[in-house]
Each structure stands twice: as structure tokens, then as C-alpha cells.
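Trainee: Please take a close look at the salt bridges here, and go through them slowly. I would like to know which residues pair up, and where they sit.

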Amino acid sequence: MKLPHRVLVLLLLSLTWQTASAAAQSSELDYYQDLPTVLSASRLSQPLSEAPNAMTVIDRETIAASGFRNIPDLFKLVPGMYVGYYKGGQAFVAYHGSQDQYARRMQVMVDGRSVYMPPISMVDWTDLPITVEDIERIEVIRGPAAASHGANSTQGVISIVTRDAGGIAGKQVSIRRGSKGINDVSARFGQHGETFDYRMTVAYTADNGYDHQATPPNNMTLLQAQGDINNGYDNNQARLMNYRAGYHPNGIDSFDVQFGFNHDVKNVGWVDSDGNPVHDLISNSNFTQLGWIRALADASELSLRYSHTRHDQHEAFPILNGGTLYPGPFFQKVNTSRDEIEVQHTLSSSAANRIVYGAAWRRDQVDGQRSDIPPKSQPAFSSSSDTKEWRLFAHDEWHIYPALLLNTGAMYERDSMGHENLSPRIALNFHALPQHAIRLGISVAYRTPSLMEEKFPSFQPGELFVISNTTTSPGLKPEKLVSREIGYLGKFSEWDSTLDMRVFSDLLSDGIFWGNGAFVNKMTAEYRGFETTLKHSFTEASELAFNYARASATSNGPELVAAGYGYLHSNAAWTNDILRASTPKNSASLLYSQRFDSISFSAAYYYQSAMQPFDRGTVDYQPIQRRTDLRIAKTLRETGGTKGDLALVIQDLFNQTYTDYVSTSQFNRRAYATLTLDW
């Protein structure tokens with residue numbers, strides 16, 4: 001993406017003017033006092049205007065105004081993000097559409113701990129032992145961030161920050177009931193002390209997923225639908241607990257202890273399937289995380305973090321073999337675990353320069369077992385594997401002038417599967433005017449093949465595990481993405497508004513996808529687009545946030561289609577590029593919130609262009625999505641030291657039914673009420 005000559009001239013003229021008047025200007029810290037401070041972009045605490053990446057921050061107030069009860073839905077508020085549901089309990093979040101239901105190119109972290117788990121390198125959102133109410137804020141990096149967070153950050157990074165250990169003082173109970181079987185109960189309690197803080201959440205969540213369909217989707221005939229009806233059996237129930245404690249004995253050391261677990265039971269399978277009938281997939285996940293931060297002289301600090309995560313899934317069901325139904329059971333299980341340790345040092349080398357550097361080590365283990373086809377039902381295949389990864393990273397923030405900031409960084413990675421990558425990034429942030437910043441950036445990011453891709457079908461979790469000792473996709477190379485962008489962030493104080501804009505060009509090479517019975521490095525592609533976020537405050541109690549993204553993708557799709565890869569719906573006949581067809585051209589969200597003395601009101605609108613999911617059949621063509629949500633909350637009168645609120649949420653208010661990734665996941669109107677009491 002070439003930089004227009006007029007833009008270069010403007011930047012040079014502005015730089016000359018700014019340098020000449022630097023003595024009369026306020027310091028760079030005065031430029032954006034009201035903008036959020038972010039941490040995940042460079043591992044340094046920075047104002048949003050100084051971050052090396054385009055970012056979206058979803059704060060606690062926005063989370064509440066959205067009315068969402070599922071964490072993945074929050075990313076509908078991020079420009080360019082795609083949220084899909086393979087089934088009600090199987091969500092995924094991707095950027096610029098999605099090539100499959102796993103979204104392996106999006107890194108997701110909770111309090112710095114990666115929840116992007118082997119063997120298929122995906123996030124199982126229903127297995128996270130946190131609720132929406134446990135989240136303090138979310139930082140979303142829109143674009144590759146491998147220089148800060150390593151391989152598998154090629155599309156971007158979602159960094160979820162939960163409430164501090166001292167974030168809850170007292171007790172809280174919340175009850176939610178609604179349509180589609182929504183039935184949630186949670187209890188929270190905590191205490192803030194001089195040297196010790198803690199908080200704890202215990203919760204139960206349940207819903208019935210999507211409706212059972214009685215007619216073919218997308219106006220198809222029964223023959224065209226080929227049994228894709230009455231498959232909406234996707235109930236989900238989860239029981240979870242999380243605990244966080246903070247110990248700060250002095251002004252120098254701070255210790256953080258976290259642990260939690262989740263027990264989830266979800267319906268998977270299909271009613272018309274002989275080999276995969278409707279049954280329960282049972283998941284158990286847990287984590288432990290320990291952190292230590294020591295404050296050093298000159299605003300420097302040293303941090304050490306260790307985490308252990310385990311995720312186990314198993315299922316058992318009858319199967320039809322050779323025309324005979326065997327009650328079985330046919331059983332399979334996959335157990336995964338991850339241990340990770342990271343050390344990081346942040347220091348200021350001068351008044352104008354800060355550096356962060358560190359190292360990390362991680363070990364992933366996967367074990368799986370599958371019974372023989374009935375009637376034997378004895379262990380037939382088992383497989384185990386482990387991988388180790390070493391990382392070195394560094395980032396430098398240099399204020400060349402008060403108005404000119406240079407961010408440079410890189411990460412070196414090596415793993416036991418023979419992959420070795422160096423991911424660099426450079427960004428120049430220039431304050432053309434005191435409240436207006438321009439960002440120019442370029443980065444290189446890699447995504448290493450997952451265990452499933454490397455050793456398929458040794459590990460293929462999903463709703464049907466396949467365990468064998470056959471390797472069919474050896475020698476895969478990491479995907480490579482080169483990203484270039486121009487960004488603008490402006491604050492208009494006289495209008496109480498901020499404007500964030502970004503244009504980008506991402507070049508993908510050696511893209512990995514499934515085709516003709518194996519995973520292959522056959523895709524080359526380019527993503528181009530424009531994104532913007534406009535926020536406006538009408539009053540201190542009235543706010544509007546508008547997000548819009550326009551994206552297009554071009555690839556070697558025509559030759560892939562000719563070779564038998566991918567599907568195209570007749571409505572997408574304007575292109576034979578399967579990647580272009582799977583990328584929504586336009587998407588937008590609008591969230592308005594208004595607060596009164598004891599009542600708050602919010603309304604949201606979501607839009608997404610039609611698309612053909614990359615790896616789905618023509619029955620799963622996804623028409624235009626339009627949806628309007630409404631939330632009304634009433635603060636209850638305090639009685640005997642107990643206070644609370646009652647909230648009503650209506651999603652898809654006008655019942656504009658749309659498809660969520662697959663034809664059987666059709667979203668229509670639903671409503672739920674939440675009562676929360678605090679004391």
C-alpha cells in the first residue's frame with residue numbers, strides 16, 4: 001500500500017511546524033488526557049494515541065449498555081470483527097470474515113494468559129471460567145501483533161482484563177431468566193484490605209441455543225436442504241468458579257493469585273446422522289495463575305508470571321455401523337494442558353525512551369483416545385504429543401520530539417516442531433496537532449501450524465473427535481502476514497467527540513486450509529479495507545458509539561475453486577474467489593446509551609453484508625444480517641443496606657431473523673430479565 005505523495009508532504013510540513021514550536025507546546029502527555037490507556041499493544045502502558053496498533057477498548061460501561069450475556073457477542077462492537085456460531089454453545093470470533101469455525105488466527109488472552117489452546121489452536125468460549133460481569137475491560141488489537149504476543153496473532157489480539165482482586169467489596173447475587181431457556185445464576189463476594197484483597201465468583205449459566213427448525217433454511221427445497229432441518233439441538237449448561245487475590249505487603253512488591261474451573265455440558269451432533277447423533281460433549285477446564293511485580297527505581301519494574309491450564313473433553317454415543325445400530329457406546333476423549341512462564345523487565349533509559357524486554361517458555365501437551373467402532377467398543381487408537389516453545393521479545397518507545405513517537409519491536413520464537421520465526425514491527429505516531437495523531441505502521445507476523453494441521457487426523461477435536469496414529473499433513477510451513485496501515489485518531493473537545501480511522505493492506509502467503517483430504521499451504525491473499533469509530537457525548541449521561549468497516553479480499557481463489565476447494569452459493573456468483581465471497585464487504589454497529597436518575601436506557605443496531613462461509617456448503621450461504629437490541633434498567637430503592645437493579649434486554653427487537661455462520665443457527669427475537677442485589 002503506497003503512501004500518497006500529498007500525505008507525505010503534509011506530514012513533513014506538519015513536522016517542521018511542530019518542531020519549531022515545541023517549546024511552546026505542552027508535553028505529549030497532555031495531548032489525550034481523556035483517551036484510554038492501553039497495555040496490550042506494546043506491553044507498555046500507553047495512551048491510545050501512542051499505541052503502535054489500531055485498537056478498540058470495550059470498557060465496563062459499554063459492556064453493561066450492550067446487554068450481552070455471552071462474551072463473544074461483545075466483539076460485535078469492534079469494527080471489522082466477525083462473530084459466528086457453529087451451534088449455540090460453539091462460538092468463534094475472527095477478523096475479516098472466517099475461513100473455518102475455529103478462528104485459529106486470533107490470539108485471545110485473559111489477564112495475560114493465553115486461552116488459545118491446542119490441539120486445534122482455538123478458543124472454546126463456553127469453557128472459560130469467567131462471566132461477562134467478571135470483565136473490567138477488553139483491549140482488542142485490530143491487526144497483527146506478533147511482535148508483542150507471538151505466533152497465532154496474525155489477525156489480531158483480544159486481551160480480556162478481569163476485575164481486580166479488590167474490585168468487589170461486599171456481596172452480590174444476580175438472577176437472569178428469559179426465552180430460549182436462558183437461566184443464569186451468579187454470586188460474587190470480595191473484600192478490599194490494606195495489604196490483601198480478594199474476590200470470588202460462582203455461577204451457573206444455561207440456555208437452549210437456537211430453535212429447532214421445521215422448514216428448510218434460506219428458502220431452499222427439502223431436497224436442496226438435504227436434512228439441514230430439525231438440527232437445532234444445542235443446549236448448553238456451565239458451572240464455573242473463579243477466584244482472584246492480591247497481596248501487596250509494601251509499596252514495592254505485588255502478588256497476584258488466580259484460579260478457576262468450568263464444567264460444561266453441551267449438545268452436539270445431528271439428528272439425521274448415523275455416525276454422529278445428538279449427544280452430550282462434556283468439558284472440564286481449570287487454570288492456576290501466579291504473578292509477581294516488583295517496582296524498581298526510575299519507574300522501572302520486573303514481573304514474573306506462571307500459569308497452568310488444563311482442558312479435558314469426552315463424549316460417548318451409539319453409532320450405526322453397516323446398517324446395524326449399536327448402542328455402544330462409542331467413546332472418545334481429548335485432554336490438553338499448557339504450562340507457561342514469562343519474565344519481563346520494563347525500564348526507562350532516558351526521559352524520552354522506555355524499553356520492555358523479556359523471555360517466555362511454554363509447553364503444550366495433548367492426549368487422546370478413541371474406542372473401536374461398535375460392537376467392540378474397546379480402546380482402538382490413542383495418541384499423545386507435546387510441543388515446547390521459546391520466545392524472546394523486546395519493544396522500544398522513543399519520543400523523538402514531543403510530537404513524534406517511534407515504536408519498534410520484535411519477537412523471536414522457536415518451537416520443538418522445527419518452526420523458527422522473527423516477527424518485527426515499526427510504527428511512527430505523529431501529533432500533527434495537539435489533539436490529532438497520525439500513525440504509520442508496518443509489521444510481519446507468522447502463524448505456526450496447529451497440532452491438528454500438522455498431524456491430522458491424529459487430533460481433530462470439534463463435536464466429533466477423530467483419534468488415530470496416521471500423519472497426513474507433514475511439512476507445513478508457518479503462514480506469513482505482512483501488514484501495512486495508516487491510522488488517524490482525533491479528539492474534538494468542542495464537540496465532545498473522538499474519531500478513529502484506519503486504512504490497511506494485509507498480504508498473506510503460505511495460507512493453510514483444508515482441501516482434498518489434507519491441510520496444505522496453498523493460499524495467497526490480500527485484505528484491504530477501511531475502519532472507523534466515532535464516539536460522541538451529547539451530555540455527561542448520554543453517549544453514542546458508531547463503528548464501521550469496509551473490507552475486501554482477493555486471493556488465488558479461482559484456481560482453488562478450479563481444483564475443487566471451497567463452495568460458492570448462486571447468490572455469490574459475482575465472484576469465483578472463495579476468500580472474497582467469505583469476507584463481509586460492509587459491517588457496522590451503533591450503540592446509544594442514556595442515563596437518568598434511576599433509569600438507564602440503551603439501544604444498539606448491528607449490520608453485516610451477505611457472505612458465503614469459506615468452508616461451508618451452499619446451504620450455509622449467509623444473507624445480510626440486521627439486528628436491533630434494546631436494554632432498559634431500573635435502579636431499585638436501597639432498603640436495609642441492600643441495593644440493586646432490574647434490567648430487561650430484548651435482542652433482535654424487530655425479529656429480523658438472520659443466519660449465524662451455518663444455516664441451522666438462525667437468530668431470532670429473544671428477551672431476558674436480570675435482577676441484581678448488592679449488600
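Mentor: Start with E531 and R502, which form a salt bridge whose closest N and O atoms are 3.4 Å apart. E531 belongs to strand β25 (residues 518–539) and R502 to strand β24 (residues 497–515), so this pair ties together parts that are 29 residues apart in sequence. Bear in mind that the model is predicted. Next, ask whether the two partners are buried or exposed. E531 has a relative accessibility of 1%, so it counts as buried. R502 is buried as well, because its relative accessible area is 1%. The cut-off for buried is under 20%.

The general idea behind such pairs is simple. Side chains of opposite charge can pair when their charged atoms come close. By the rule used here, the count comes to 35 salt bridges.

Now turn to R391, beginning with its contact to E342. The side chains of E342 and R391 meet in a salt bridge, at 3.8 Å from N to O. E342 lies in strand β17 and R391 in strand β19 (residues 379–401), so the pair ties together parts that are 49 residues apart in sequence. Both E342 and R391 are buried.

R391 also has a salt bridge with E389, where the N to O distance is 3.0 Å. E389 has 8% relative accessibility, so it counts as buried. For R391 the value is 6%, and it therefore counts as buried too.

These residues belong to a longer list. E342, E389 and R391 are linked in a network of salt bridges with R43, R305, R338, E340, R362 and D364.

One member of that network leads to another feature. The second largest pocket has a volume of about 1300 Å³. It is lined by 47 residues, and R305 is among the closest to its centre, along with L39, D111, G112 and I293. Strand β17 (residues 324–350), the strand that holds E342, gives the most to this lining, with five residues. Sorted by class, the lining of the second largest pocket has 17 charged residues, 19 polar and eleven nonpolar.

To go over it again in the structure, find E531 and R502 and their salt bridge. Then find R391 and its salt bridges, with E342 and with E389. Last, look for R305, which is part of the salt-bridge network and is one of the residues closest to the centre of the second largest pocket.

How values were computed: Residues numbered from 1 in each chain as written. Predicted model: local features only at pLDDT ≥ 70, side-chain atom pairs only at ≥ 80, totals over all residues. Heavy atoms only, no water. 1 Å grid on protein atoms, 1.4 Å probe; cavity = no way out; pocket = protein on both sides within 12 Å on 5 of 7 lines; lining within 4 Å. Points joined across faces, edges and corners; volume = space filled by probe spheres on them. Helix = DSSP H or I, 4+ residues; strand = E, 2+ residues; numbered from the N terminus. Nonpolar A, V, L, I, M, F, W, Y, C, P; charged D, E, K, R; others polar. Salt bridge = Lys/Arg side-chain N within 4 Å of Asp/Glu carboxyl O. Buried < 20%, exposed > 50% of the residue type's maximum accessible area, 1.4 Å probe, protein only.
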